[in-house]
Structure formats: structure tokens, C-alpha cells
Amino acid sequence: MNNIFKNASSYWVKYNKYEWRTDKDNVLFLTPADGSELKMYNPMVNYKDMILEALNVGIACMNKDTDKEELKNKILDFVQHYGLIGFMTALPTTPDFITYNDVYLPKNHYIKKERLSTKEFLSCFFPFEEIDFVKKKLESSWSVTDASVGALILTLKNAPQAVLMSFQKEYAERFDWLINAFSDLAFTFFSSFLYYQDFDVLDEEQKDLYRKGMAAFGSVAPTYHIELRDTPVIIWEFNSLLLQIQMMLSLMITDTDSAIRVCRNCGKAFISRHKNAGYCSKECRDEFKNR
Ligand SMILES: [Zn+2]
């Protein structure tokens, strides 16, 4: 079967500059920097680069020896390339949660409560300036503070309101949550990678652990529609970058033509057509052999 994401398009928004900021409770957040500008892009175009970068950030997050400043820099780099990952719309049962009084949360690694009021939930993502959000029964509105967000809303008029809210400059995501999300991705990848790489030496109990780890990964399915452009194109409505990353990673893990491998020398993830490739580059191979 052809790659279902081949003639496909999607969108996400990134700012050209982000910064770390702590809120009044000393929680560290990543948020668009003052004076930064937003840009819409299609994450499908270079999705393999995006997934590799996400995995390599995840590998660093899983490594207990990585120092905090280094992690902050790696996450900042990723977010400057691809934008914040969209926890606000990825976590609830529906990205249309804004239309309800309460937000319902399936089991997740970030918020323990199963239900929060919509206002309480929004406050997790707007720690610096409270969003001017008004809700009367099913009707809700919020004031857009930035002209470019206003223009974006016109372009993306079918997107859920919460997705648009997450593109505001005041929107922020927690450092510890980001670490968790990237670690999860790397953990999932390793479950699959090590299962096959070490198949002959793993005992049944270890294999079962990997299978269970893998089965726990998965998510809600995105919705889609078809647009008649030069050729018909599937437009995927992921509603969060996190869901896009999860789907693309799943696709790459199950792709039998090319494999994500881990370099024996530098420990980074890379893509190879050869199932047994051990090194990301000739330099790494030479360096490893001369150790
Ligand atoms: Zn390497």
C-alpha cells in the first residue's frame, strides 16, 4: 500500500522565537517570545526530519545524565523548528472542549483529574496573561490580541476554537510536560527497535514487556477531508502537533522499506534503508572502530 500520507497536507503554526519563562509558582514554561512572528507550515513535507529530531530530543530526555540547560536548549530548538506541540488540544477527549462547561481527560501523564472546568483547564496553558475568555452556555468568545492571529483565524475558519487559541502568543507549555512527551516518544520507538534487534537474546518475559509497552502507545485517530487541488489531496485534521508526531512515528515504525536505527557510536536515531545499519555516518563508524 502506498504511504497514506503521500498526497497529504496538514498545518501547524510556529513562531520564529520562543523563550523559557517561570510563572508565579516557579513552574518553567516555553512560550513565544515578545516580538516574535507566527508562520503556518505543513509538517507533512519534512515529517521524517521532524520525527528524527523529536526522537533525538526524547533520547536526551530519557538519559538521566543530560543536564537541564542542555535539555532546555534541545527542546527550544525543536519548538523553534516546529512549534509547541499542542497539549491543550491533544489531552482532552475532544478538541472542541471549549463548547462544554467541563473538560474530560482520558488517562494521561500530565493531569491526574478526570474532569476540570474549562476555565481551570485553560489556565494550565495561559500562566502569564489570563486569556480573556467569555462563556455563556454554549456560546463562547475570546479576544484576539494579535493581528496575525486574527488573520490566521480567517484562514483556518473550520479549525476548532481551542486549536486557534493555542496559536496565540500568550499560550505556553510546561517544561516537565514536554520532557515527558518527548521521553514517551523515544520509549515507544525503543520498545519496537530493541524488540527486533535483540529478539534472539530476549527471554519471553522481556519480549512481553516490549509488546505491552508498544500496545500502550496509540491515540485517537485524526479526521480528514479531501480537497480537489491540482491532484486530489487528503487534508488531515490532527488538531495538535503531538498527534501528528505520534501518527508519523507509528507510520515510520511500521514502514518495512526503511528503518529508524540507533547509531552505535553517538547514540542518535537515524534512518537507513539497511535493516542492520549500525552507524549514522562514516565518521561514526570509523570513530567506533578506532575506539
Ligand atoms: Zn552517529
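Start with two helices in this predicted model: α2 and α7 pack against each other at an angle of about 75°, and their axes lie 11 Å apart. An angle from 65 to 115 degrees counts as roughly perpendicular, so that is how α2 and α7 sit relative to each other.

Here's who takes part on each side:

| Helix | Residue range | Residues that meet the other helix |
|---|---|---|
| α2 | residues 68–82 | Lys-68, Leu-71, Lys-72, Ile-75 and Phe-78 |
| α7 | residues 175–197 | Phe-175, Leu-178, Ile-179 and Phe-182 |

Sort the residues of this contact by type and you get seven nonpolar, two charged and no polar ones.

Lys-72 has another partner too: Lys-72 forms a salt bridge with Glu-69, with 3.4 Å between the closest N and O atoms. Glu-69 and Lys-72 are three residues apart in helix α2, so about one helical turn separates them. The count of salt bridges comes to eleven.

Now for the surface. Which residues make the nonpolar patch of about 390 Å²? Tyr-224, Ile-226 and Leu-228 do. Tyr-224 belongs to strand β11, which covers residues 223–228.

Note on methods. Residues numbered from 1 in each chain as written. Predicted model: local features only at pLDDT ≥ 70, side-chain atom pairs only at ≥ 80, totals over all residues. Heavy atoms only, no water. Patch = residues over 30% accessible without salt bridge, like charges linked within 9 Å, V, L, I, M, F, W, Y side chains within 5 Å. Areas by Shrake-Rupley, 256 points an atom, 1.4 Å probe, with all protein chains shown as cover. Salt bridge = Lys/Arg side-chain N within 4 Å of Asp/Glu carboxyl O. Helix = DSSP H or I, 4+ residues; strand = E, 2+ residues; numbered from the N terminus. Axes fitted to C-alpha atoms, helices over the stretch in contact; angles between N-to-C directions. Parallel < 35°, antiparallel > 145°, perpendicular 65-115°, else oblique. Contact = heavy atoms within 4.5 Å. Nonpolar A, V, L, I, M, F, W, Y, C, P; charged D, E, K, R; others polar.
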